[in-house]
Structures are given as structure tokens and as C-alpha cells.
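Colleague: I would like a close look at one part of this model. Please start with the strands, then work round to the helix and the pocket.

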Amino acid sequence: MRTAVVVMSLALAAIVIAGCSTLNTFGSMLSSQVTFTQPQLQRSLDRSFPREFDKLAGLASLRLEKPSLSIPYDSNRLRLSLNASAVTAERAEPRPLGRILITSGLRFDAQTLGLHLQDPVIETIDSAGGSLNDASRELINGWLAAFAIEEPIYRLDHELVQRLVSRRIGAARIDNGVVVLDVSQ
């Protein structure tokens with residue numbers, strides 16, 4: 001009798017556990033939002049950098065490294081800072097340009113299945129050598145414009161894409177210190 005009670009209790013526990021995991025999956029599929037945290041986006045950036053961007057038909061390259069991302073709780077824009085240096089055809093040794101601070105909104109791009117910078121603005125460039133010359137500023141602004149269009153700062157992983165395959169992915173926004181991606185049926 002006691003063995004039957006133990007077996008029955010274990011079977012009931014297994015059914016409850018299976019039901020809970022099914023309920024969690026079902027609940028996440030019914031949700032109208034997917035959220036991303038700063039650590040998730042930071043890990044993605046850490047894997048993507050350092051990067052070198054060829055500019056000015058090979059006459060100069062912009063090297064960016066050490067990305068640092070923050071999502072202020074009271075803002076609808078994230079903050080991204082990067083170390084920048086330039087490599088020119090005449091000088092192979094990188095010339096430090098400084099630390100760039102960018103603020104930006106986010107948008108979802110269905111082609112890349114990623115989150116891209118939206119309306120990025122260079123807030124500051126902290127340069128050890130003083131202010132940047134026009135060519136350096138143009139190089140950085142050119143990179144930023146192309147990067148915002150072409151390169152996501154975060155790509156949705158395969159598992160999430162599979163869960164959302166029958167749903168319409170809408171706008172991305174920054175809300176209360178997290179990135180929110182709206183989804184609908």
C-alpha cells in the first residue's frame with residue numbers, strides 16, 4: 001500500500017511538472033512582448049567587436065573595440081561607447097581617436113532578424129589629443145550611418161525566431177531599462 005502511494009505521488013508530481021512547463025511555453029507564446037536586458041545585448045556586442053571598417057576607398061580604416069552598453073531606466077535611448085582608432089594607408093599603426101559615446105533608439109529589422117540603432121547621435125568623443133579634425137569626424141559619422149543601417153547590435157537567436165515564426169514582429173523600444181520587442185498574432 002505504501003509503495004502504491006509513493007508511486008502515485010511520483011506520477012502526480014511528474015504530471016504537474018510537465019503541465020507547468022507546458023503552461024510556461026504556452027504563456028510565453030501568448031505574450032505580446034519579448035524583452036532583452038542590457039547583459040544580453042552586451043554579450044552580443046562583446047562577440048562582435050573588435051571590428052574594422054574600411055572607409056575612403058581603402059585610404060583609411062576605422063577600428064572600433066571595447067563596446068560598453070547601458071540602458072538608462074529613465075530614457076528611451078540606449079548609450080553605447082566604443083574605443084575608436086584610425087589606420088591609414090600611409091601609417092599602419094593605429095592612431096587613437098578616442099572614446100565615442102553614442103545615444104540611440106532601436107528598431108527591429110526583419111531582413112537581419114536583429115535590433116539596429118535608430119537615429120543614433122554621437123554625444124561625445126573623448127580624445128586624448130584634443131578635438132578631432134574634420135576628416136576623423138567624417139570617418140566616424142560615415143561609419144555610424146552605415147552601421148545603423150547594416151549591422152544589428154543584437155540578432156534574435158534561432159530558438160526565439162522559431163517560437164515567433166507564426167507571429168508578426170512589430171516595433172522595438174526601450175522602456176524602463178530594457179528593450180521591448182512587440183509581437184502580435
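In what sense do β4 and β5 pair, and over how many bridges?

Modeller: This is a predicted model. β4 and β5 pair in the antiparallel sense, over ten bridges. β4 covers residues 78–88 and β5 covers residues 91–109. The two strands are joined by a hairpin through two residues. For a fixed point in the register, take Ala86, which stands opposite Arg95 in β5.

β5 also pairs with β6. These two run antiparallel, and ten bridges join them. Here Arg99 stands opposite Asp126 in β6. The hairpin of β5 and β6 has four residues between the strands. Leu113 in that hairpin takes a positive phi near 55 degrees.

Stay on β6, residues 114–126, and look at Ile122. Leaving aside neighbours within four places in sequence, Ile122 is in contact with Ile100, Leu101 and Ile102. Ile122 also touches Ile140, Asn141 and Leu144. Take the pair Ile122 and Asn141: they are 19 residues apart in sequence. Their C-alpha atoms are 8.0 Å apart in space.

Now the helix. α2 spans residues 38–48. Its buried residues are Leu41, Gln42, Ser44 and Leu45. Seen down the axis of α2, they fall within an arc of 160 degrees, so they line one face of the helix. An α-helix has 3.6 residues a turn, so residues three or four places apart point the same way. What covers the buried residues of α2 includes β4 and β5, the strands we began with. The cover also includes β1 (33–36), β3 (60–70), β7 (154–155) and β9 (178–184).

Ser44 leads from this face to the pocket. Ser44 counts as buried because its relative accessibility is 8%, under the 20% cut-off. Beyond its neighbours within four places in sequence, Ser44 is in contact with Ile153, Tyr154 and Arg155. Ser44 and these three contacts are among the residues that line the largest pocket. The rest of the lining is Arg47, Ser48, Arg51, Glu151 and Pro152.

About 160 Å³ of space lies in this pocket. α2 and β7 each supply at least two residues of the lining. The largest share, three residues, comes from α2. By class, the lining has three nonpolar, two polar and four charged residues. Ser44 thus ties the two views together: Ser44 is one of the buried residues of α2, and Ser44 also lines the largest pocket.

Conventions
Residues are numbered from 1 along each chain as its sequence is written. This is a predicted model: local features need pLDDT of at least 70, side-chain atom pairs count only at pLDDT 80 or more; totals for chains, interfaces and linings use all residues. Side-chain values use heavy atoms; hydrogens and water are left out. Buried means under 20% relative accessible area, exposed over 50%, partly exposed in between (1.4 Å probe, protein chains only). Contact means heavy atoms within 4.5 Å. The arc is that of the directions from the helix axis to the C-beta atoms. On a 1 Å grid over the protein atoms alone, a cavity is a set of points where a 1.4 Å probe fits but cannot get out, and a pocket is an open set with protein on both sides within 12 Å along at least five of seven lines; lining residues have an atom within 4 Å of a point. Grid points are joined across faces, edges and corners, and a volume is the space filled by probe spheres set on the points. Ala, Val, Leu, Ile, Met, Phe, Trp, Tyr, Cys and Pro count as nonpolar, Asp, Glu, Lys and Arg as charged, and the others, Gly among them, as polar. Two strands pair if DSSP finds at least two bridges between them.
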